[in-house]
Each structure stands twice: as structure tokens, then as C-alpha cells.
Amino acid sequence: MGVVAGGIPQGALTAIRALTDFHYRSQAPKLTDADIAKLTASLQEFHNNKAALMEAGARGSMDHWRIPKLEIMLSVVPSIRSMGALGQWSADVTEHAHIDVIKDPARSGNNQNFDGQICRYLDRQEKCQLFMQATTARYLDLRGDSDDSDPSDGEENMLGSRQVTDYFKRAHTLSAGDFLTAPRPYRTFASSTTAFHLASRPKMTNIDVDRAAELYGLPDFKPAMVDYLARHHHNLTHTIGGRRRATPDCQLPFGHIQIWSKIRIQSYSSYDLKMLLPSQGLHVSPPTVNWPFGRYDSVIISRDGNKDWLHSGLHGHDVVQLRMIFKPISGSQSLLSNMYYAYVQRFVTTSVGQHAGMHVLKRALQSTGERVGDIIPLFQICAPAHLIPHFGQKANSQLNSHSSDELSSSFWLNKYWTKELFHACS
């Protein structure tokens, strides 16, 4: 949606957005009367604007909308009212299992004695999987702590599907003291709504503060940390922005930090609080040869403890870019040595695109043109965010997958990235 916004007529964009909204809303596992009303409105909005798609040439040489699948959409709302959510009728699970258990094994044989060959294939696949788990368990920390470069989430079963790792359960086990040798503070921990997992071995185990600030391009890192400590001392909310009170030559109560280049966060579904979602990996890396501008993912953080993310949307929350995840090395300050922190740079929500239906974000800048950044406790992160550069009618030719976040000044908050994000931002 964000890619074509500005490049096609507004009416055509509205029609595409309305049809996409209809698809997302119809797939919700639970729908209230208000949800059904929005579902009906989305379909009607598409029909009100579909002529613009025709004028833009989306139908090619065809001059009609007599499409069977489009007509079927008219029965979606009556079906939901009479029989419940549509997801219960999905055949995706059985179709996927048919591929894993029948089609793929059959293709590996010689088209003879299908039953026997498929059974032998699945049996050997299971043995290989069990052998892999046994050898992996021999070398991996059984608590799940891994090297900072480990991107995995869970383990594959014999059918190749990945089982979701429960980081909430792991955090509870650690906090109960079941693993006395686990590094402190615990690398896996959880708030009431979000679980966090860091690798047991940080990317940088002992780096000078000034060197870290230079490496990550954060000249105000030390003043930001001093301001954070002052706010924490007065029990103030850790927000992003405002006048920097500390001076550039201020001194910190520590001289070295540990840095992580990756974190996994996990939450439960907003539709079903018992449904654990797969964790999402977030990258926070300084410039390298492959990533000349660095690799900094964006997240949504809480700035108001009274606002719940999934039900309050962006009210009481900010969209920020992660610039560093760290822990001070300090033996005397319990506040510093028992918590993880993040340096983040804030985006400002300027509006909601009328036709694209997504929030428009711009980088928050100081009067000097520098980006607005601050330090927050890591547990203020609520969810990952996906941003799309605001290309306009013509995209900057310098933009690519490695540079678009740094060379763009305006972005769309892509609510269509996940159904959870769509639910929270709609």
C-alpha cells in the first residue's frame, strides 16, 4: 500500500485500501457487531471507488466487474452473522499437511509402492530430526541462551513446521531461580504483555562508552544517559525528546558497556490472550560493509503506563528507531547493573493518510537539525514496527533495502505488516 501511494490516482488507492481492509477484517478469529459494521463499510467503500481502478486501467480491456470472487464477498457478512468467523472453515492446515506428509515424500520416490516409500521417508526424516535435536542439545545452552548471531525461534518438528518458543514461560522459570548459573540480569525476561530474549553472549562484551557512541553515531549518548538517570531519580516517565539538560562533557558513573545487536520480543494475540505469537527478531547493528548505514529496526514503545498497546493503538505510544541495546558494566550501581537499556530516536506522527489509511511519520528533529533521541528501559518496548518510505510520485533513485531508512525523512507506518498491527492501528 505504501509503495503505490502517490503513484496512482487517489480513488484507485482508496479502492485498493478498502478491499485490503475487507480481507484483513474478514479473517479475524473473533468479530463483534462493530467489527461487522466496519467490514460492511470497507466493502461498500471499495464499490464506491472501483470506477477509479477502471479509469486507471487496472481491468485492462475489460469494462465490467462481473467477477465471481467479488460477488462472493457479498455473502461474507451474512455468513459470519449466521455461522461465526470464517477462519473455522479454512482448509489451510489440512492442505499444508497434505503437502508435507504426502506430496513432498512422494516426489522423493520412484513412483512405485507409494505407501511404503512415504512411510520410510517420514520415518527417516523423524530420525534425522531427533538426531539433530540431540546433537544440538549437546552444544547449546539448554536454557535457550545462544550466541548473538543465532536468528532462530523454536525448533522444527518432523514435518518441518516450527514450534513457537515460549519466552514467557522461560522468563518465569528463570525468575523462579531454577537456573542458578544463568547470567544476571536474566537474558530472558517479561513484562505483563511482552517477553524479551537477548543472547547470553553480547556482541560487544566490554567496550568504552566513548568508542561505542562513535561507532553507533550517537554523539549525545552520554548526556542522554545522564538525563535518564536524573529522570529515574525523580521517578519521572521516560519519554523521548525535550531539552537536553546534561552537557556534552558530563561524566557517567561507569566507563564501559555491553552491547547486543539483536533482540527477540514476543506477545500474545489480541484476539485470543491464550494464543502465543511467534517471536520477532529485531536488529540493532552499526555500519558494516554490507550495511553501510547500519541496520536499525523500528519498534513501538509505551510512554503512558495507563494505555494498553493493542487496545489503545498509538494513544500513549511512540514509534521509535532502535539505535543501541546495552547494559552498563557497573559493580556498585544496582540500577545500572540490573537492567537493559535502549537508545532510541523518535518519529512524529503527523497525520493519517486519508486514502492509504496509514499513519504518516517523520523523524523528530531538534532546532539544530539533529535527530531527537533518548534512553529508555528495554521493557518499554511493546511491539515491532514496519515502516515504508514515503516515496511520493517519484522515488529517490538512491534508495535501496540498505539505505531507505536513513535517506528518507517521511514514512508510512505499515499496519498491514501483521494482523495484530492492523487490529491495533485500525
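Trainee: What makes the pair D123 and K127 a salt bridge?

Mentor: In this predicted model, the closest N and O atoms of D123 and K127 are 3.3 Å apart. A salt bridge needs a side-chain nitrogen of Lys or Arg within 4 Å of a carboxyl oxygen of Asp or Glu, so the pair D123 and K127 qualifies at 3.3 Å.

Trainee: Where do D123 and K127 lie?

Mentor: Both belong to helix 6 (residues 114–139). They are four residues apart, about one turn of the helix.

Trainee: Why is K127 called exposed, and why is D123 called partly exposed?

Mentor: Exposed means over 50% relative accessible area, and K127 has 53%, so K127 is exposed. D123 has 34%, which lies between the limits of 20% and 50%, so D123 is partly exposed.

Trainee: How many salt bridges does the structure hold?

Mentor: It holds 15. One of them joins R107 and D104, with the closest N and O atoms 3.1 Å apart. These residues are three apart in helix 5 (residues 92–107), so about one helical turn separates them.

Trainee: What makes R107 exposed?

Mentor: Its relative accessibility is 62%, and the cut-off for exposed is over 50%, so R107 counts as exposed. Its partner D104, at 31%, is partly exposed.

Trainee: How do you know that R244 and D220 form a salt bridge?

Mentor: Their closest N and O atoms are 2.7 Å apart, and the limit is 4 Å, so the pair R244 and D220 counts. This pair links distant parts of the chain, 24 residues apart. R244 is in the loop between helix 9 (221–233) and strand 4 (256–260), while D220 is in the loop between helix 8 (209–215) and helix 9.

Trainee: Why is D220 called buried?

Mentor: Buried means under 20%, and D220 has a relative accessible area of 16%, so D220 is buried. R244, at 22%, counts as partly exposed. Salt bridges with shared partners join D220, D227, R231, R244 and D374 into one network.

Trainee: Why does Q321 count as buried?

Mentor: Q321 lies in strand 9 (residues 317–328). Its relative accessibility is 1%, and buried means under 20%, so Q321 counts as buried.

Trainee: What makes the pairing of the Q321 and R363 side chains a polar contact?

Mentor: The distance is 3.2 Å, and a polar contact is a suitable pair of N or O atoms within 3.5 Å, so this pair qualifies. The side chain of Q321 also reaches the backbone oxygen of Y296 at 3.3 Å. Leaving aside neighbours within four places in sequence, Q321 is in contact with several residues, including Y343, F347, R371 and D405.

Terms used: Residues are numbered from 1 along each chain as its sequence is written. This is a predicted model: local features need pLDDT of at least 70, side-chain atom pairs count only at pLDDT 80 or more; totals for chains, interfaces and linings use all residues. Side-chain values use heavy atoms; hydrogens and water are left out. Helices (H or I, at least four residues) and strands (E, at least two) are DSSP runs, numbered from the N terminus. Buried means under 20% relative accessible area, exposed over 50%, partly exposed in between (1.4 Å probe, protein chains only). A polar contact is a pair of N or O atoms within 3.5 Å; within protein, one must be able to donate a hydrogen and the other to accept it, and residues adjacent in sequence count only if both atoms are side-chain atoms. Contact means heavy atoms within 4.5 Å.
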